[in-house]
Amino acid sequence: MRIERLVAEYDAPDLGLGVAAPRLSWSRSGGAQEQTAYELRLRDAAGDVDVATGSGPEQVLVAWPFRDLGSRERVEVEVRVQAGDEWSAWSAPLVVETGLLDAADVRARMISPRDVGGLDDGAVVLARDLELAGTVAAARLYITAHGVYDAWIGGRRVGDHRLAPGWTSYDARLRYQTFDVTEHLREHAAAGGTEIAVGLGNGWYRGQLTWNLSRDTYGDRLGLLAQLEITYDDGRTQTVVTDESWRAGPTGVLADDLYDGQATDLRVPLAPEAPADGPVDVVDTDLGRLVAPMGPPVREVGTVPAVEVLAAPSGAQLVDFGQNLVGWVRLRVTGEPGQEVTVRHAEVLEHGELGVRPLRDAKATDTYVLAGGEQVLEPRYTFHGFRYAEVTGAQVTAADAEGVVVSSDLRRTGWFECSEPDVNRLHENVVWGMRGNFVDVPTDCPQRDERLGWTGDINVFAPTAGFLFDVGGFLGSWLQDLAADQHADGGVPMVVPDVVHENVGGPRPGDDGQTPGAGWADAAVHVPWTLYERYGDVGVLERQYDSMRAWVDKQRALAGESLLWDTGFQFGDWLDPDAPPHDAAAAKADPAVVATAYFARSARLLSRTAELLGRDADAAAYGRLSDDVAAAFREAYVDEGGIVRSDCQTVYALAIVWDLLATDAQRHGAGERLAALVREADFHVSTGFLGTPLILDALCDAGYPELAHAMLLTRTNPSWLYPVSMGATTVWERWDSMLPDGSINPGEMTSFNHYAYGAVADWLHRRVAGLAPAAPGYREISVRPLVTGQLQHATAGYDSAYGRIDVSWRLDGERFELDLRVPPGVVAHLDLPLDEPARTVGAGEHHVSGDWVPVGRPLPVG
């Protein structure tokens with residue numbers, strides 16, 4: 001028996017943890033019996049040891065049993081566990097190092113260049129000399145910015161982060177990073193001194209945001225806050241902070257913007273070589289905003305080699321990377337001094353040319369003026385969503401170009417595969433779409449003049465995200481921004497961070513007569529609940545409870561005495577496939593039906609949350625509210641036979657999956673009517689953003705899994721596999737973002753990388769492969785694949801907090817076989833398509849086989 005993995009909180013950041021009492025999680029291998037006890041051992045910097053013991057099976061997000069840690073404190077933690085009569089060996093030590101836990105720990109001040117770096121200028125460098133006073137034992141750099149930064153000490157880059165400090169609700173939360181720079185200083189100790197230099201670009205703080213292209217949403221000045229703390233071998237310490245002693249200067253980055261791209265003159269030095277000899281100003285800032293990261297940073301997570309170089313009908317030189325990705329082009333060229341090279345980006349080609357219309361006002365263009373000779377071209381302070389790049393000013397081959405893939409460096413946790421190659425490609429498209437849209441914020445799309453944290457998109461996609469990658473810290477941090485930007489009346493912005501208003505602190509949706517939208521604002525409740533379900537994280541419910549309750553209370557106010565939310569603005573079942581290109585909200589589903597269903601569901605989840613947190617009065621009150629809303633829903637919108645107002649796939653999906661129907665007659669009638677609608681549509685999808693995540697579950701719950709599989713496998717528009725048949729490598733915003741003739745949908749909102757419809761992957765994991773959580777954090781799992789014969793095999797694997805879970809089934813004629821791996825600490829409930837009763841198994845590897853008993857009904861002929 002061995003401890004495989006021991007982590008604190010969300011396993012991020014590497015240094016500079018932002019809590020004094022981090023929760024601990026561990027997994028083990030070997031030993032099938034349940035954990036009955038554990039010991040935790042802490043060793044501090046002085047060598048003192050403290051031991052804490054516990055009993056029972058808990059091993060995920062276990063409360064910190066030691067004294068609270070102080071700022072900058074570094075300790076080592078080990079764990080060992082008992083199962084039966086056996087104790088494991090002690091785990092490898094986990095180093096836990098806190099950051100600056102109190103504003104009083106920050107001696108640095110925010111500085112801004114005085115004469116360079118204006119709103120219309122390019123990136124700048126801020127620098128100062130460092131005089132070392134001995135042999136360095138340890139050094140930490142705590143750093144953040146208004147804008148995005150990259151830092152160097154002695155000419156060596158600090159860390160591998162990109163676009164740091166990332167995007168938060170800057171008025172309330174400004175993230176800082178912690179770096180170990182001991183070796184940076186030791187390398188230059190012999191010289192007696194070195195330089196710290198920091199490049200600053202606009203990023204989200206001072207770049208264009210939203211389709212209004214506002215450039216100073218948060219402020220019009222770049223800023224840097226840095227604190228370098230050095231400890232010498234003899235115990236002396238030295239602290240270097242940003243203050244008036246720093247210098248500023250321009251760089252060869254002449255312009256930088258996330259939407260438009262970067263203009264670089266390589267004849268002019270970039271940071272850290274760029275000279276800095278101008279003054280800086282100390283500017284006021286609220287140090288209480290500083291927060292440590294909860295999730296991993298944005299990094300270069302991979303590269304994609306160019307596939308070929310095409311000649312467009314116009315003669316343009318187009319580089320095809322074969323994959324729609326997010327990042328930038330790394331290009332090797334040879335040229336003369338002053339020669340200009342331009343790289344334009346787009347996701348698709350239209351009639352053989354770069355398809356830039358969907359970018360709207362985003363230029364997505366990088367330009368370079370060469371210094372001469374052989375050079376590698378790539379930007380620093382921007383990113384693009386693209387598959388194709390048009391290169392002018394230099395002749396290139398495929399060997400000269402690669403796509404640099406940029407994303408929050410989330411740990412991959414979930415996999416899926418089945419017997420249908422197109423479904424596997426669909427699943428891969430979902431993964432690529434998530435990777436490209438999880439760049440510090442869960443955005444809707446990564447390419448046009450938008451790239452915002454739309455609440456509706458992540459609301460429907462969070463269950464899929466929580467399986468594919470470890471997003472506990474990433475989304476936990478984003479939810480704190482949601483709470484920070486939530487309106488005083490409980491209303492939730494359409495996007496988080498909230499920049500869809502005139503300016504920060506100015507008019508906001510909900511304050512000026514515009515109400516929040518159902519399914520979007522409900523992310524305040526649904527996303528925390530999803531994180532609890534997937535990770536067993538009660539802490540996120542505790543942190544977000546006031547926000548969750550405020551939103552449900554806002555829904556109650558919007559619905560009024562009728563409890564029917566039938567007034568105000570609604571996105572509704574956004575991008576219903578029948579909606580015209582110019583009106584994405586024109587859905588078949590009645591907006592009031594959708595909104596009232598969401599009201600009932602959010603009140604129910606809030607009630608469950610209150611019960612978990614021991615808030616019994618709230619649990620009872622919101623449980624009654626949910627029941628009352630569901631009753632009002634039925635009275636107003638459902639007849640005795642289960643027919644739901646507006647009679648379309650989405651309204652039945654909501655009513656069935658969220659258990660809003662009261663009688664067997666209603667449930668049976670709604671299921672039959674949904675099945676009839678699916679058959680009438682010839683198994684095509686007829687849902688938008690809010691119906692799509694539920695439609696296949698609704699069919700399965702109603703007893704029609706064969707119709708769900710038929711919808712999945714349909715290849716003509718609208719369907720999940722239509723984009724695959726058109727060569728898609730990510731999930732599209734519209735079912736028909738590209739029309740069958742290869743032209744781009746004329747709608748203004750036509751993204752080719754938009755993960756919302758990728759929410760279907762959650763159904764693939766849970767229902768097709770049969771790997772579903774049956775208790776929070778996958779402490780228990782349900783293994784119940786719905787095998788209809790339309791697929792011959794499926795597998796899913798998930799790296800849970802307890803260890804690896806694998807489910808794999810296959811059909812061999814009439815023979816069904818299943819292989820299952822269950823890690824220690826988890827139990828699996830098996831309900832298989834065999835003529836045998838359901839049963840429960842514990843840790844270990846299990847093989848089950850027998851004669852297959854099909855589920856569902858025979859499909860209609862013809």
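In this predicted model, R734 is buried and yet takes part in no salt bridge, the nearest side chain of opposite charge being that of D736, 5.3 Å away. Since a salt bridge would require a side-chain nitrogen of Lys or Arg within 4 Å of a carboxyl oxygen of Asp or Glu, the separation of 5.3 Å from D736 leaves R734 unpaired. What the side chain of R734 does have is a polar atom lying 2.7 Å from the backbone oxygen of M749. R734 itself belongs to the loop between α14 (721–725) and α15 (760–768), and, once neighbours within four places in sequence are set aside, its contacts include N745, G747, E748, M749, T750, S751 and Y757, as well as L575, P580 and P581.

One of these partners, L575, deserves a closer look for its backbone. L575 lies in the loop between α7 (538–559) and α8 (591–612), and although it is not a glycine, its phi is positive, at about 60°. With a relative accessible area of 4%, L575 is buried. A second non-glycine residue with a positive phi is L163, where the angle is near 55°; L163 is found in the loop between β12 (156–157) and β13 (174–175), and it counts as buried at 4% relative accessibility.

The backbone also contains cis peptide bonds. The bond from A12 to P13 is cis, with omega near 0°, and P13 sits in the loop between β1 and β2 (24–29). Another cis peptide bond, with omega about 0°, joins N717 to P718, and P718 is placed in the loop between α13 (705–713) and α14.

Turning to the aromatic residues, the structure holds 27 aromatic pairs. Among them, Y205 and Y218 are stacked, with 5.9 Å from centre to centre and 20° between the planes. Because Y205 lies in helix α2 (residues 203–206) and Y218 in the loop between α2 and β16 (223–232), this pair ties together parts that are 13 residues apart in sequence. Both Y205 and Y218 are buried. The pair formed by F633 and Y637 is edge-to-face, because the ring centres are 5.6 Å apart and the planes stand at 80°. F633 and Y637 both belong to helix α9 (residues 616–637), where they are four residues apart, about one turn of the helix, and both are buried. Beyond such pairs, W211, W454, W520, F569, F571 and W574 form one aromatic cluster.

Aromatic rings also receive charged side chains. R236 lies over the face of Y232, at 5.1 Å from the ring centre, while the charged end of R412 sits over the ring of F469, 5.6 Å from the centre of that ring.

Finally, the start of the chain can be viewed from I3, which is placed in strand β1 (residues 2–8). I3 is buried, with a relative accessible area of 10%, and, not counting residues up to four places away in sequence, it touches W26, S27, R28, V79, V81, S88, A89 and S91. How far is the C-alpha atom of I3 from that of M494, 491 residues apart along the chain? The two C-alpha atoms are separated by 43 Å.

Definitions and conventions. Residues numbered from 1 in each chain as written. Predicted model: local features only at pLDDT ≥ 70, side-chain atom pairs only at ≥ 80, totals over all residues. Heavy atoms only, no water. Helix = DSSP H or I, 4+ residues; strand = E, 2+ residues; numbered from the N terminus. Buried < 20%, exposed > 50% of the residue type's maximum accessible area, 1.4 Å probe, protein only. Lys, Arg positive; Asp, Glu negative; His and termini not counted. Polar contact = N/O pair within 3.5 Å; in protein donor to acceptor, adjacent residues only side chain to side chain. Contact = heavy atoms within 4.5 Å. Phe/Tyr/Trp six-rings, centres within 6.5 Å; stacked < 30°, edge-to-face > 60°. Lys NZ or Arg CZ within 6 Å of the ring centre and 35° of its normal.
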